[in-house]
Amino acid sequence: MGNCCSDEAGGRAAVGGTGLGLNPNAPNDAVDRFLKSRGYNGLFSQIELSYSAADLRDRDVLSKSDPMLVVYTKGRDGVLEELSRTEVVLNSLNPTWISKHTIIYQFEIVQTLVFHLYDVDTQFHNVEVKMLKLDEQQFLGEATCALSEVVTKSNRSLTLDLVHREESNRSNRMRNHGKLTVHAEECISSKTTTEMILRCSDLEYKDLFSKSDPFLIISKEAESGIPIPVCKTEVIKNDLKPTWKPVYLNSQQVGSKDTPLVIECFNFNSNGKHDLIGKIQKSIADLEKLHSSGHGENLFLPTLVGHDYHNKILKSQLFVDTFSQSIQHTFLDYLTGGCELNFMVAIDFTASNGNPRLPDSLHYIDPTGRPNAYQRAIIEVGEVLQFYDSDKRFPAWGFGARPIDGPVSHCFNLNGSSHNCEVEGIQGIMMAYTSALLNVSLAGPTLFGPVISNAALIASQSLANGGRKYFVLLIITDGVVTDLQETKDALVKASDLPLSILIVGVGGADFKEMEILDADKGERLESSTGRVASRDIVQFVPFRDVQSGEISVVQALLAELPTQFLTYMRTRNIKPIHPIP
């Protein structure tokens, strides 16, 4: 095996399909890879797009139009990048194109798609579509949408009106140029996952002064005959009859149930030169039969006899103690199955932000329109999450300020209302924020507990009413939290709810203490009563200027949400209402 596990600290850990959910406090490469292989992280979901159109305008005199669709992505700078072209459908005003296009779905950014439709002139029908000069074809219309608008539809289909910008500009009204339907399918061959608990007996001693430290590596054979490792169990110290944590294998990793798998048992050595104890070759179907029989299978060890290797049958045996198969639903399955993400925001109005009327204030509203750090964080998170919320009404609060003629409030409605905390859309948040700056006096201290408790109350009420919503609270702050223990108590209590909390630090403060709230290092938060959080629901990042071409820290933060969402759904056995088969 060379040095595939030579790092002793990390080398003993399970990788690639084991240990799912058994030790939630520790980082687990196996869980991470397992979730990513199932499309559980937005960065790794492949989407296949297909297209059809209806009621196109007829531009040909003696026949119907011959339409071709060109698909683009639109960057934040407005530049179009061509992704693909369909084939030309002859004589049709209602074409369904056969050509499909695969795109990587990224939850954490807005992926804008632009579609241009052309009538291809007869003289170019024998030219490959990729060689066609678009300015020589007749433009039929265009449409645009965000990819997230398509994948969140219950049938994953979105119908768009085709418009002709130049004609619309001349007539000052939009003419009907037909409709374009975009359909999305997640590219996952199978969602079936096999779970097994594997055990060995009578393993040989490989260490001089102690028992062996065994672990398993499961590989599939490539067509070339070379084994490709797909998962490794954890190392069990000093044990000749080990039982490993559950192994999870999906069809994307191993292929069909009849694909031959090689299961090798090694003795772990910290120098990376692990001793092969024995091996067997079995398919998933064979392992299922082995479980049903209740018997073990003898390992063998390739042994050199003369110039040839012979398989020496060992006393050591492999047992399959448990075997089960289940369907693992993806993040997109939940979206199309009726689940929504609901965005909430809380803004720090403490005096440490500086006088909003002065340019050095973090709350300064630049008359040139350049957004401050608070506005940028709202836009970057809100423009992504808005597509996953059907009514686009967002709770918005402020904290650490004194409303006119009132005491300091650590959770006040941003819109100034005494009873309603919701605003309409991202623009509504921006307007309420600007208005609040004119109507409150910045004060302090920095308390998170009240806004977290308010967000948790909304999440718990939704849960009690049978709502299928997952809430995301964005807290934007310029300083270290003052009520640390009260905040911990609120977070521990909220960890059982459908809620994630993103904390973005703005300005130049030292946010090191804030990392205590983010349990990424493996230590779960503990309340004042000794209760430990059931899961990590907090992510914290300091906001910084992003260089050209870099991914925003806020976007990186959002990339974690699909996995947090799925952790909540899976641990509570919540399934999509109408899962896509």
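# A walk through the model

Select helix H13 (residues 561-571) and step just past its end: there sits Asn573, with a positive phi near 55 degrees. Most residues other than glycine have a negative phi, and Asn573 is not a glycine. With a relative accessibility of 55%, Asn573 counts as exposed, because the cut-off for that word is over 50%. Now colour H13 itself, where the buried residues are Leu561, Pro562, Gln564, Phe565, Leu566, Tyr568 and Met569.

Before going further, remember that you are looking at a predicted model. Colour the chain by pLDDT: the protein averages 85, and 86% of the residues score at least 70. Residues 1-10 fall below 50, and this stretch has 20 contacts in the model beyond near neighbours in sequence. Residues 19-43 are also below 50, with 74 such contacts. Where pLDDT is low, the predicted coordinates should not be read in detail.

## Stop one: two open sheets

Select strands E3, E2, E5 and E6. In that order they form an open sheet of four strands with antiparallel pairing. Strand E3 (80-85) and strand E6 (138-146) are the edges; each has a single partner strand, so one side of each has no neighbour in the sheet. From one strand to the next, the twist averages 25 degrees.

Zoom in on E2 (residues 67-74) beside E3, an antiparallel pair joined over five bridges. Which residue in E3 is the bridge partner of Thr73? Look for Glu81.

Next, select E4, E1, E8 and E7, which in that order make up an open sheet of four strands, again with antiparallel pairing. Here the edges are strand E4 (101-105) and strand E7 (157-161), and each has a single partner strand, so one side of each is left without a neighbour in the sheet. The twist in this sheet averages 30 degrees from one strand to the next.

Inside this sheet, follow strand E1 (residues 45-54) along E4: the two pair in the antiparallel sense over five bridges. Show Leu49 and you will find His101 of E4 standing opposite. What holds such strands together? Strands of a sheet pair through backbone hydrogen bonds.

## Stop two: an enclosed strand

Now select strand E17 (340-348). How many of its nine residues are buried? Nine of the nine are, so E17 is largely enclosed by the rest of the structure. Show the side chains: Glu340, Asn342, Met344, Ala346 and Asp348 point one way, while Leu341, Phe343, Val345 and Ile347 point the other way.

Add strand E23 (residues 469-477), which pairs with E17 in the parallel sense over eight bridges. One spot to check is Asn342, which stands opposite Phe471 in E23. Then add E18, which runs parallel to E17 and is joined to it by four bridges. Asp348 has Phe399 of E18 as its bridge partner. Trace the chain from E17 through H8 to E18, and you have followed a right-handed β-α-β crossover.

## Stop three: helix H9

Select helix H9 (residues 425-439). Its 15 residues reach 21 Å from the first C-alpha to the last, close to the 21 Å expected at 1.5 Å a residue. Buried in H9 are Gly425, Ile426, Gly428, Ile429, Met430, Ala432, Tyr433, Ala436 and Leu437. What covers them? The cover includes strand E17, helix H8 (373-385), strand E18 (393-399), strand E21 (422-424) and strand E22 (440-442).

Continue to the loop between E22 and helix H10 (449-464), where you will meet Pro445. The peptide bond from Gly444 to Pro445 is cis, with omega near 0 degrees. For comparison, most peptide bonds are trans.

## Last stop: two loop residues

Go to the loop between helix H11 (484-494) and strand E24 (499-505) and select Ser495. Is Ser495 buried or exposed? At 0% relative accessibility, Ser495 counts as buried. Leaving aside residues up to four places away in sequence, Ser495 touches Ala533, Ser534, Arg535, Ile537 and Arg572.

Finish at Asp202, in the loop between strand E9 (192-201) and strand E10 (214-221). Although it is not a glycine, Asp202 has a positive phi of about 55 degrees. Its relative accessibility is 43%, and Asp202 counts as partly exposed.

Methods:
Residues are numbered from 1 along each chain as its sequence is written. This is a predicted model: local features need pLDDT of at least 70, side-chain atom pairs count only at pLDDT 80 or more; totals for chains, interfaces and linings use all residues. Side-chain values use heavy atoms; hydrogens and water are left out. Two strands pair if DSSP finds at least two bridges between them. Axes are lines fitted to C-alpha atoms, for helices over the stretch in contact, and angles run from 0 to 180 degrees between N-to-C directions. The expected span of a helix is 1.5 Å times one less than its number of residues. Buried means under 20% relative accessible area, exposed over 50%, partly exposed in between (1.4 Å probe, protein chains only). Contact means heavy atoms within 4.5 Å. A crossover is right-handed if, with the strands pointing away from the viewer, the path from the first strand over the helix to the second runs clockwise. pLDDT is the predictor's confidence in each residue, from 0 to 100.
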